[in-house]
Amino acid sequence: MQLADLQVILKVAKFRSITDAAASLNMQTATASAAIKRVERALGADLFIRTTRSLRLSSAGERYIPHCQQALDMLNKAKQHVKDDLDIVDGELRIGISSDLGRNVVIPWLDEFMQNHSAVSLKVNLSDSNIDFYRDSIDIALRYGSPTDSNMYGFKVCNVPRLLCASPDYLARQGIPKHPHDLVTYHGLFYQISDIIHDVWHFSHNDEKFKVKMRGNRAGNDGDLVRRWCVAGHGLATKSSLDVASHLLSGELVNVLPDFHPTATELWIICPSRQSITPAVRLLRDTFRTKCHAILQQLVNKGILTSDVLA
């Protein structure tokens, strides 16, 4: 009986679907079905009761699945302890990253990481949609914002101020706003997710708070697209300082209203379980921290950010 077959059994028990279990394991449905048959043949009992419309555990399955889970957990922990003790950096990294940050900032870091650690393989999910660790078949996520689920584990990478940005060309045509209240006459470039358009922008200045309902004729569900629109001179956008750092440093974008700060965020590595925190993940965390610190330091050196962001 193969360990990979047992992993299929546990996924099928979880999803109550062979198709969904196969998708989460990145395999064909027929391959998953064959794994189930091998385990059932070895046990001499059916673990699932299948109909044309549903799948549920049999009485044998209800007794077997908990023991199977405990056994695999123990084996995984033993394997992980050995790797931890030896600091072995290997295995498959299945990572989800927001589109703009991943495509334009993090992918080169991952390429460098894999050049230095040839025993690591990589699968990347670039998406601005909310991460579902089971549906999306990923082990770690690099995301803006701390974990909202108490069952998740996470490592903070760095503080990330957001900035109000525009191209010099757009500001030359429209003029430079002096106060958030001036923004109602400008075009906003909006981020949209789950059919919600984020067209209300919040700013702070000392202890004062400001809220502006923006107008605009462009909205997209991809942060990379919003950034491209901004660089092309189509309007104003509020963006993560990491996402637009290269454009700010080159002068392609300008930090607008520098004394009025959009709501800041943080960059985190999020894991669904302790078993996901491998030596490779810890080393990747340290790599991300070093790389992000270097970018933020450049923005501080140029006067775009203040030094407290590095705290």
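Helices and strands here are DSSP runs, numbered from the N terminus, with at least four residues for a helix (H or I) and at least two for a strand (E). With that in hand, welcome to a tour of a predicted model.

## The chain as a whole

The chain has nine helices and 16 strands. Its C-alpha atoms fill a box of roughly 75 × 45 × 35 Å along the principal axes. Of the 311 residues, 42% count as buried. Contacts often span a good stretch of sequence: among those between residues at least 6 apart, 73% join residues at least 24 apart.

## The N-terminal helices and their loops

Let us begin with helices H1 (3-15), H2 (18-24) and H3 (29-43). Asn26 lies in the loop between H2 and H3, and has a positive phi of about 60° although Asn26 is not a glycine. At 55% relative accessibility, Asn26 counts as exposed, because the cut-off for that class is over 50%.

Arg16 sits in the loop between H1 and H2. The phi of Arg16 is also positive, near 55°, again in a residue other than glycine. With a relative accessibility of 40%, Arg16 counts as partly exposed.

How do H1 and H3 pack, at what angle and with their axes how far apart? The angle is about 105°, and the axes are 9 Å apart. H1 and H3 are therefore roughly perpendicular to each other, since angles of 65 to 115 degrees count that way. On the H1 side the contact is made by Asp5, Leu6, Val8, Ile9 and Val12, and on the H3 side by Ala32, Ala35, Ile36, Arg38 and Val39. By class, these residues divide into eight nonpolar, no polar and two charged.

## Helices H5 and H7

A second helix pair has another make-up. The axes of H5 (residues 99-116) and H7 (residues 223-231) come within 6 Å and cross at roughly 70°. That makes H5 roughly perpendicular to H7. Ser99, Asp100, Arg103 and Asn104 of H5 meet Gly223, Asp224 and Arg227 of H7. Here the contact has no nonpolar, three polar and four charged residues.

## Aromatic rings

For ring pairs, the cut-off is centres within 6.5 Å, and the count comes to four aromatic pairs. Two of these pairs are set out below.

| Pair | Centre distance | Plane angle | Class |
|---|---|---|---|
| Trp109 and Phe288 | 6.0 Å | 45° | tilted |
| Tyr170 and Tyr186 | 6.3 Å | 55° | tilted |

Trp109 in helix H5 and Phe288 in helix H9 (residues 279-301) are 179 residues apart, and the pair links distant parts of the chain. Trp109 counts as buried at 10% relative accessibility, and Phe288 is buried with a relative accessible area of 1%.

What of Tyr170 and Tyr186, where do they lie? Tyr170 lies in helix H6 (residues 168-174) and Tyr186 in the loop between H6 and strand E8 (187-193), so the pair ties together parts that are 16 residues apart in sequence. Are Tyr170 and Tyr186 buried or exposed? Tyr170 is buried, and so is Tyr186.

A charge also meets a ring in this model: Arg285 lies over the face of Phe155, at 4.7 Å from the ring centre.

## Around helix H8

His247 has its place in helix H8 (residues 245-250). With a relative accessible area of 10%, His247 is buried, since buried means under 20%. Not counting residues up to four places away in sequence, His247 touches Arg227, Val231, Glu252 and Leu253. Arg227 has already appeared above, as one of the H7 residues that meet H5. His247 and Ser167 are 80 residues apart in sequence, and their C-alpha atoms are 9.2 Å apart in space.

Gly251 is found in the loop between H8 and strand E14 (254-256). At 34% relative accessibility, Gly251 counts as partly exposed. The C-alpha atoms of Gly251 and Leu189 are separated by 19 Å, with their positions 62 residues apart along the chain.

Key: Residues are numbered from 1 along each chain as its sequence is written. This is a predicted model: local features need pLDDT of at least 70, side-chain atom pairs count only at pLDDT 80 or more; totals for chains, interfaces and linings use all residues. Side-chain values use heavy atoms; hydrogens and water are left out. Axes are lines fitted to C-alpha atoms, for helices over the stretch in contact, and angles run from 0 to 180 degrees between N-to-C directions. Angles under 35 degrees count as roughly parallel, over 145 as roughly antiparallel, 65 to 115 as roughly perpendicular and the rest as oblique. Contact means heavy atoms within 4.5 Å. Ala, Val, Leu, Ile, Met, Phe, Trp, Tyr, Cys and Pro count as nonpolar, Asp, Glu, Lys and Arg as charged, and the others, Gly among them, as polar. Rings of Phe, Tyr and Trp (its six-membered ring) pair if their centres lie within 6.5 Å; planes under 30 degrees apart count as stacked, over 60 as edge-to-face and the rest as tilted. Buried means under 20% relative accessible area, exposed over 50%, partly exposed in between (1.4 Å probe, protein chains only). A charge sits over a ring if NZ of Lys or CZ of Arg is within 6 Å of the ring centre and within 35 degrees of the ring normal.
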